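Open the model in your viewer and keep the selection panel at hand. The stops below go one by one.

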Amino acid sequence: MPASGKAAGALRTIGELAQEIGRPQHILRYWETRFPQLRPLTRAGNRRYYRADDVALVRRIHDLLSTQGYTIRGVQKLLAEEKGARPAAKAGNCAAQFRVIRESLVRALEEDAG
């Protein structure tokens, strides 16, 4: 069980999560503006509740910024690349990537049939 005493899948408030990672609440709110992947549930009065996936993402962002020395922009690029979100300038590579995938699938099917 986490230090907060809640079950691993339980929703966390912004205060609980901020205390857990040792950062002020305003930093988490700032991260929400910088990382579109971070979207906690919001309830009446704009209260934020972080799901297990949000908690894992916050911990990862915190680690990348604090321990591994990434910048905000560096973490943004890393997360975007991991999600497969490519900038528009790189969209032309998609066709080539699909061709490579298709060719490898064709070879695999031929090997399986032969």
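Select β1 and β3: these strands pair in the antiparallel sense over two bridges. Strands are DSSP runs of E, at least two residues, and helices are runs of H or I, at least four residues, both numbered from the N terminus. Two strands count as paired if DSSP finds at least two bridges between them. Show Arg-12 next; its bridge partner in β3 is Tyr-50.

This is a predicted model, where local features need pLDDT of at least 70 and side-chain atom pairs count only at pLDDT 80 or more, while totals for chains, interfaces and linings use all residues. Residues are numbered from 1 along each chain as its sequence is written, and side-chain values use heavy atoms, with hydrogens and water left out.

Now add β2. It pairs with β3 (residues 47–50), again in the antiparallel sense, over three bridges. Pick Thr-42; Arg-48 is its bridge partner in β3. Stay on this hairpin, which has three residues between the strands, and click Gly-45: its phi is positive, near 75 degrees.

Zoom out to the whole sheet. It is open, with three strands in the order β1-β3-β2 and antiparallel pairing. The edge strands are β1 (12–13) and β2 (41–43), each pairing on one side only. Helix α3 (residues 52–66) packs on this sheet and touches β1 and β3 (contact: heavy atoms within 4.5 Å). The direction of α3 makes about 85 degrees with that of β3. Such angles run from 0 to 180 degrees between N-to-C directions, with axes fitted to C-alpha atoms, for helices over the stretch in contact.

Turn on side chains along β3. Which residues point to one face and are buried? Arg-48 and Tyr-50 do, while Arg-47 and Tyr-49 point to the other face and are not buried. Buried means under 20% relative accessible area, exposed over 50%, partly exposed in between (1.4 Å probe, protein chains only).

Move to helix α5 (residues 93–113), and select Phe-98 there. Phe-98 is exposed, at 58% relative accessible area. Add Ile-101 and Leu-105: with Phe-98 they make a nonpolar surface patch of about 330 Å². Patch residues have over 30% relative accessible area and no salt bridge, and nonpolar side chains (Val, Leu, Ile, Met, Phe, Trp, Tyr) are joined within 5 Å. A salt bridge is a side-chain nitrogen of Lys or Arg within 4 Å of a carboxyl oxygen of Asp or Glu.

Finish with everything shown. From the N terminus on, the elements run β-α-α-β-β-α-α-α. Of the 114 residues, 25% count as buried.

Methods: Patch = residues over 30% accessible without salt bridge, like charges linked within 9 Å, V, L, I, M, F, W, Y side chains within 5 Å. Areas by Shrake-Rupley, 256 points an atom, 1.4 Å probe, with all protein chains shown as cover.
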